[in-house]
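Take a look at the model below. Some cysteines and one alanine will serve as guides.

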Amino acid sequence: MEAGSLLRFAAASGRFTPGEAKLAASQASFLCHSYPHHYTWLPFFQICSKKRAFPRPIGNRSFCTESTGDFFNTSKRRSRGPVMAAKKAAEGGKKEEGKYKHTVDLPKTTFGLRANAVVREPELQKLWEENQVLKRVSERNTGDRFTLHDGPPYANGDLHMGHALNKILKDIINRYKLLQNHKVSYVPGWDCHGLPIEQKVLKLMDEEARKELTPLKLRKKAAKFARLSSHRFGIWADWDNPYLTLSPEYEAAQVEVLGQMAMKGYIYRGLKPVHWSPSSVTALAEAELEYNENHVSKSIYAIFKVTALPPASTTLLEEFLSDIYLAIWTTTPWTMPANAAVAVNPRLTYVVAELLPNPEGTTEVPLNGKKAKIGNVLKSGEKKLYLIVASELVPKLESKWGVKISVRRTFPGSALEHCRYIHPINGTECPVVLGGDYINTESGTGLVHTAPGHGQDDYVTGLKYGLKWISPVDDEGRFTHEAGQFQGLNVLQDGNSAVVSYLDAQLSLLLEEPYKHKYPYDWRTDKPTIFRATEQWFASVDGFRDAALEAIKQVKWVPSKAVNRILAMTSGRSDWCISRQRPWGVPIPVFYHVESKEPLITQETIDHIKNIFADKGSDAWWYMSIEELLPEKYRGMASQYQKGTDTMDVWFDSGSSWAAVLSKREGLGYPANLYLEGSDQHRGWFQSSLLTSVATTGKAPYQGVITHGFVLDEKGLKMSKSRGNVVDPNTIINGGRNAKEEPGYGADVMRLWVSSVDYTGDVLIGPHILRQMSDMYRKLRGTMRFLLSNLHDWKSENAVHYDDLPVIDKYALYQLESIINSVKDSYESYDFYKIFQAIQRFAIVDLSNFYFDMAKDRLYVGGSTSFTRRSCQTVLVEHLVSLVSVIAPILPHLAEDVWQNLPFQYVMEDGSVAKFVFELKWPQLNGRWLNMSADDVDFLGTILQLRSEVNKVLENARAGKLIGSSLDAKVFLCATDSSTLAKLEEMCMASNDADALHRIFITSQVAIINSRSHEEAAYSGSYSDPSSGEIWIGVARADGLKCERCWNFSTQVGSFVEHPTLCARCYSVIDVQQPLPAAAGVN
């Protein structure tokens, strides 16, 4: 039942006078609108609220208000009479119903319950900008400098949820560090070079314009590409001075890094196979690959005729020489024209396998649902075949080829070294060589077709044996003239098929079958790559690998398991190919001798080019003459040299940011305190930054690294336009075309979502999750509104000293300090989801359900200047200032909105007024609040548990129509433990009204009795725990009459001639000359 329905039910229950019933019914909708966070809750938060917000040492148990029945019972068991009556009277109700309206302290605030974030957040951002709050706060801070270095995203598209997650995480950390008195300067960056931007530019041009495009023209167009800002996410950064990888000073610093590595001997030019993307027409580094798990290759089993045997193998194989073949298996038939050898593993055992004819003569063999095509050599059955294969693979090959195999000889792989065979395409004689552990029996035949121009292992083996080799494939992936009859064919398409057909026609094909496996794709074009030997520039990782591995171990990695990933990638990576064959990038500043092709790269040439780039930018490489580009020492030889056209790998661009930004910009520091990017950057920016930094300075560019996962939809699926499941951050903030289906939540709701997820893995987002976040945000806003509205008349001189506070108020401060310490620990460890949970439980549930609920009586009707009201306001001020600081890094707009609606000036310790929320510092540790007596903490925990049980009995009494609101009730308590009994009696006789049990239970009276039953108690229950024993609970109708002002029942109503409808407390508030009798609520 909703809160409004409950109130209307109470109004019609027969326990009210006709006037009261009318009043209650008329105010139901007002209550629900003004204080919705007291009456609504989500199942999602019910689950989360059962977790501890912080440790409370109360014996063997912990107290935490649960969002179960008693949370919903708030409206059922609480009377809001004084506020409602005053409110109605203020709105024009009958005068007699608001007789004491001027004596009730109604909540007042300019802070709205509705955020109106689409309008309000930009206003607050403008306020920050106009007052330069970030600069102002950072310059005033006296702590150490904190540098979170921004990894540069590509400036080639719209901002998406991945950007939102990344930038907001960074901003939460930076804002927290500001509150911790650090000097913070965050410089956003953009990666402006590389193929993605080049392709974006080309897509915007027609075919004619592309034909006339020169490298220089393309560079000018790419340089103008828009760079989007995440400013609207509420990100504080130096937006006016970002770093761009295309800026002259950045490019100069990058060339300086290259030069330092070259002078140390880490940069070299070599002809070796690299990942090549025909679709992008450039070499790629490992970090630019994505592995497609579902790629299907055309694999073949082929045979090569053995022509000669070494002396060591003659006696073994001579009798088979006329009909013996090497059997190989490959998933890249197109590499056959480049074959230079066949490799075997010397530690494997091989056999001469005689193939008996296929009796059925089939042309297709079923293989796990796939169909394999039998080659002509098997179909004919005319040719006698002795094949050399690995012994272990004989059963598998027999089944796969559909033949019978008879083993005729067995020998070690080493015996095959220096055998000779005929190349299946060009007819040349090639050797059998010994390879390494890459030759195994997991698949294939145990013999590997070796093409040094198309594979790393093949290349190493080729170097070992001095093999002559070719790579007959051009930049676009087509066979060159070196491939003979296959020239012009695409190696991944018709060229592959043509090679297979040729082998079959030459009776060299045993079997063709589709093979599904993981295969490298170009991450930009999402198309297959090839291995292709070309002359490229490399960074020799071997030269500084050990230093890099040691540097990794000195870094703090979050999550901690990330260190294993970066260690594995760094220890196993090959030399880094840093050259690219694209015009849009930073040129590798090398000159080549016209005749010898020898490269010219010296300290003088590097320094000269660096100075030119710093002044003119890297475009100068394209429009300046060689004579101008060469330093004075070499200008006389300008005619002997030509400029290189290769550009640097974009990972070298971004990987030099530590040198171009951290080491150059004022206010930053090297190494950075922190890098934070997606988990894919272990093989990208994290690694390229590490390698360039270690190679030149001997240390990592970062002290800590945080990685986050990817953003998926609510079902855990990758977002894509084709699926229609893309969540746009701008739509979250500003809303979509259909305001009902896509409301504008504002940036803070999105930031709240970021804080709620465990970002170390993949995270989910969608409409349902956003509604949950919006609901929590609204409730948190309601909590802050309650604090503001009840401090409308607060003055610092009215603060009550801690020693004089009621025990219940000290306990509230104890809880507050505990939660602040818990949240601080979570900020320090970057566990933001724990902060989300803590704020949810404490600020929304615990405060509203416990302290605020009890506080309303003394705040509204306790008297404007009463001790209990001022003590409560003292506690509320501390909660407001502390909570606004705690939430500010995550919800800066909400925190600032609260602060701008503060009804009083907040003066800091240095005497200055905090005009903006971030001028506050993180709440200082108050050990005194935490040093509250352990006995008091323990017993108050018991009282709050007892309160929950009392509420259950009150609800039963309400359901049985014994009472309407909780103020209609009198509670009886009987404790079996004498110590507990004494403490309960002491609370009933509390010296101040705030600590009295009937105020804590929100009933009119509480009586401590010696018997477990009482004749008046129509409803009962019990509570027990090991430390307090069993406490019996009884509920009866309250004694006396109902006070017109506070709606409490009292036997003293009617005792005051001037105000016959008031209780003693209310009478003392109205007529301050008459003292309030002690223990007015106790019978």
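The text below moves from an annotated segment to its cysteines, then to a loop residue.

This is a predicted model. Start at residues 1040-1069. An unreviewed UniProt entry annotates this span as "domain: Zinc finger FPG/IleRS-type". Helix makes up 20% of the span and strand 13%. The C-alpha atoms at its two ends are 20 Å apart.

Now turn to the cysteines. How many disulfides does a search of the whole structure find? The count is 0. C1043 fits that result, being in no disulfide. Its nearest cysteine sulfur belongs to C1066, 3.6 Å away. A disulfide requires the two sulfur atoms to be within 2.5 Å, so the pair C1043 and C1066, at 3.6 Å, does not qualify.

Is C1043 buried or exposed? Its relative accessibility is 0%. Buried means under 20%, so C1043 counts as buried. C872 also has a relative accessible area of 0%. The cut-off is under 20%, and C872 is therefore buried.

Next, find A1018. This alanine sits in the loop between strand 33 (1005-1008) and strand 34 (1019-1025). Its relative accessible area is 54%. Exposed means over 50%, so A1018 is exposed.

Which residues does A1018 touch, leaving aside those up to four places away in sequence? They are L962 and V1035. G960 gives another reference point for this loop residue. A1018 and G960 are 58 residues apart along the chain. Their C-alpha atoms are separated by 9.7 Å.

Methods: Residues are numbered from 1 along each chain as its sequence is written. This is a predicted model: local features need pLDDT of at least 70, side-chain atom pairs count only at pLDDT 80 or more; totals for chains, interfaces and linings use all residues. Side-chain values use heavy atoms; hydrogens and water are left out. UniProt positions are given in the numbering used here, feature names are shortened, and annotations may be inferred rather than shown by experiment. Helices (H or I, at least four residues) and strands (E, at least two) are DSSP runs, numbered from the N terminus. Buried means under 20% relative accessible area, exposed over 50%, partly exposed in between (1.4 Å probe, protein chains only). Contact means heavy atoms within 4.5 Å.
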